[in-house]
Amino acid sequence: MAVDAARSEEGFTSAVATRVMAAACRAVELDVRGAELIRLGENALFRLASAPVIVRVARGEEWLPAARIEVAVSRWLAEEGFPAARIVQDLEQPLLAEGHPVTFWHLIEEGVRKATYGELGGILRDLHSLTVPDGLELPSFDPFDKQELRLDRAVIPEDDKLFLRKRWKELRDKYEELRFETPKGPVHGDAHVQNLMVDDQGKVILIDFEAFCFDHPEWDLMVTAVEHHSLGWQTDEQYSDFVAAYGRDLYDWHGYEMLRGLQEFGMTTWLMQNVREDERTAAEYRRRIAGLRNDEGPRDWRPW
């Protein structure tokens, strides 16, 4: 379903996302009065005041295949009874509004606590044990798929772009030599603890299926491994809980350093997209690219 598919050239800002959200909601007869922007990252997330619905706006039409996968994965996990975010079933999805894919999700009423790293390890273990059904076509994990778009559209100094393109090529060359020994299966693709929510009944729920794919489980394990071993974002106890629940520490794998490079590069280009939003975001981007320029230096990056 499309709504005014004219492409916007003004960039993906909170103002643009709000306008797209309003157009999409009008198309499906949802009241946007009082809608609140709750996150601007790879997507913009809005919470409606008029209904228990979250509206998810993607950055451009290039993300339409990913939005279709999100919808299909949500339906499959619902059939499996897996604790995961649910789409609003009685709406045609994804909807294309002003060149942006839009999806609608049931609001998860949050409880008083956040998910733990042990719970993240457990839910990933359970996810990786599932069998993808016939008919659900999932892509392979591609750590480079969004980088070209990000770099083309980035509002950053030209020297930064040149450095990032050179680093991107170096990582691609090294990636060609990476070898996995594990079987492929369902992979979340962005498996950090912020993509878990705990509802008001204490149930831990997996969210955000944009990067969902069929590939090796290492792609999910690398997120927390890098956050701990490289960035120091978890205590030793938290990381031990994650490893104990899942049953493996990726740090012991020969490919860890390769995946570390890919993860840190992606974390930097992800944030790079929003440097025009405010000085706090721009400052963190500068901190991260400074870290990339010094492979052996400490990472004083902040969680975002």
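The following questions and answers concern burial, strand pairing and contacts in a predicted model.

Q: Why is proline 186 called buried?
A: Buried means under 20% relative accessible area. Proline 186 has a relative accessible area of 2%, and is therefore buried. Its place is in strand E7 (residues 185–187).

Q: What makes Phe212 a contact of proline 186?
A: Contact means heavy atoms within 4.5 Å, and neighbours within four places in sequence are left aside. Phe212 is listed on that basis, together with Trp76, Leu127, His128, Leu130, Val132, Cys213 and Phe214. As for leucine 124, 62 residues from proline 186 along the chain, the two C-alpha atoms are separated by 9.7 Å.

Q: How do you know that glutamine 273 is buried or exposed?
A: The cut-off for buried is under 20% relative accessible area. Glutamine 273 has 18%, so the residue counts as buried. Glutamine 273 lies in the loop between H8 and helix H9 (279–292).

Q: What makes the approach of the glutamine 273 side chain to the backbone oxygen of tryptophan 270 a polar contact?
A: A polar contact requires a pair of N or O atoms within 3.5 Å. The side chain of glutamine 273 reaches that backbone oxygen at 3.0 Å, so the distance satisfies the cut-off. Leaving aside neighbours within four places in sequence, glutamine 273 is also in contact with Glu42, Arg59 and Arg150.

Q: Why is strand E6 (residues 100–106) described as largely enclosed by the rest of the structure?
A: Six of its seven residues are buried, and the strand is therefore largely enclosed.

Q: How do you know that E4 and E6 pair?
A: Two strands pair if DSSP finds at least two bridges between them. Strand E4 (residues 53–58) and E6 have five, in the antiparallel sense, so the criterion is met. Within this pairing, arginine 56 stands opposite threonine 103.

Q: What makes E5 a partner of E6?
A: Three bridges join strand E5 (residues 95–97) to E6; as at least two are needed, the strands therefore pair. They run antiparallel, with valine 102 as the bridge partner of leucine 95. E5 and E6 form a hairpin with two residues between them, and glutamate 98 in the turn has a positive phi of about 50°.

Q: Which residues have the most contacts inside the largest nonpolar core?
A: They are Leu77, Leu164 and Phe209, in a core of 75 residues. Its largest share, nine residues, comes from helix H8 (residues 256–272). Apart from this core lies another, of 23 residues, among them Val20, Met21, Ala51 and Val57.

How values were computed: Residues numbered from 1 in each chain as written. Predicted model: local features only at pLDDT ≥ 70, side-chain atom pairs only at ≥ 80, totals over all residues. Heavy atoms only, no water. Buried < 20%, exposed > 50% of the residue type's maximum accessible area, 1.4 Å probe, protein only. Helix = DSSP H or I, 4+ residues; strand = E, 2+ residues; numbered from the N terminus. Core = buried A, V, L, I, M, F, W, Y, C linked by side-chain atoms within 4.5 Å. Polar contact = N/O pair within 3.5 Å; in protein donor to acceptor, adjacent residues only side chain to side chain.
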